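Work through the exercises below with the sequence and the model at hand. Each task is followed by its solution.

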Amino acid sequence: FVQTSRGVVSYSVRATVAKNHYRVEPILGAKVYAGERFGSHLSLYNPHSSELHVKRVFTTEAFLHLQLPDRPDNDTDSVGTTTSQFAQPPAGPSASIWTVPSKVQRT
């Protein structure tokens, strides 16, 4: 449902997904209301023979903002609100979260 200044409008949404080499799964069945924060863990598989270093996560959607875990201003490992559409990986000890060894799945 979409709530407008003129009332509530029922709006159906459909999507299709395709499997990928990184085994990233879609978030299904989530109901998120306007102004609410939503969090979900992301699992990433490294299909390559060398380490995979995640350097940036981003979105092209203006209404969706991404947060990286283990930052001073974050309280969950989640997708949420931040001031930037681009998030940089944390520095220091938590930086290893964004390094995925060869043939390993990390959440």
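**Exercise 1.** How many helices and how many strands are there in the protein chain?

Solution. The model is a predicted one. Its protein chain has zero helices and eight strands. Read along the sequence, this gives the pattern β-β-β-β-β-β-β-β.

**Exercise 2.** Describe burial, surface and contacts for the protein chain as a whole.

Solution. Start with burial: of the 107 residues in the protein chain, 19% are buried. Next, the surface: the chain exposes about 8,800 Å², and 55% of this comes from carbon and sulfur atoms. Last, the contacts: among those with a separation of 6 or more, 54% join residues 24 or more positions apart.

**Exercise 3.** Is threonine 99 buried or exposed, and which residues is threonine 99 in contact with beyond its neighbours within four places in sequence?

Solution. First locate the residue: threonine 99 is in strand S7, residues 99-100. Its relative accessibility is 18%. Buried means under 20%, so threonine 99 counts as buried. Then list the contacts: outside its neighbours within four places in sequence, threonine 99 touches Glu51, Leu52, His53 and Arg106. With histidine 53 there is a polar contact between the two side chains, at 3.2 Å.

**Exercise 4.** Which residues form a nonpolar patch on the surface, and how does valine 9 fit in?

Solution. The patch consists of Val2, Val9, Tyr11 and Val13, which together have about 410 Å² of accessible area. Valine 9 belongs to strand S2, residues 7-9. Because its relative accessibility is 42%, valine 9 counts as partly exposed.

Terms used
Residues numbered from 1 in each chain as written. Predicted model: local features only at pLDDT ≥ 70, side-chain atom pairs only at ≥ 80, totals over all residues. Heavy atoms only, no water. Helix = DSSP H or I, 4+ residues; strand = E, 2+ residues; numbered from the N terminus. Buried < 20%, exposed > 50% of the residue type's maximum accessible area, 1.4 Å probe, protein only. Contact = heavy atoms within 4.5 Å. Areas by Shrake-Rupley, 256 points an atom, 1.4 Å probe, with all protein chains shown as cover. Polar contact = N/O pair within 3.5 Å; in protein donor to acceptor, adjacent residues only side chain to side chain. Patch = residues over 30% accessible without salt bridge, like charges linked within 9 Å, V, L, I, M, F, W, Y side chains within 5 Å. Salt bridge = Lys/Arg side-chain N within 4 Å of Asp/Glu carboxyl O.
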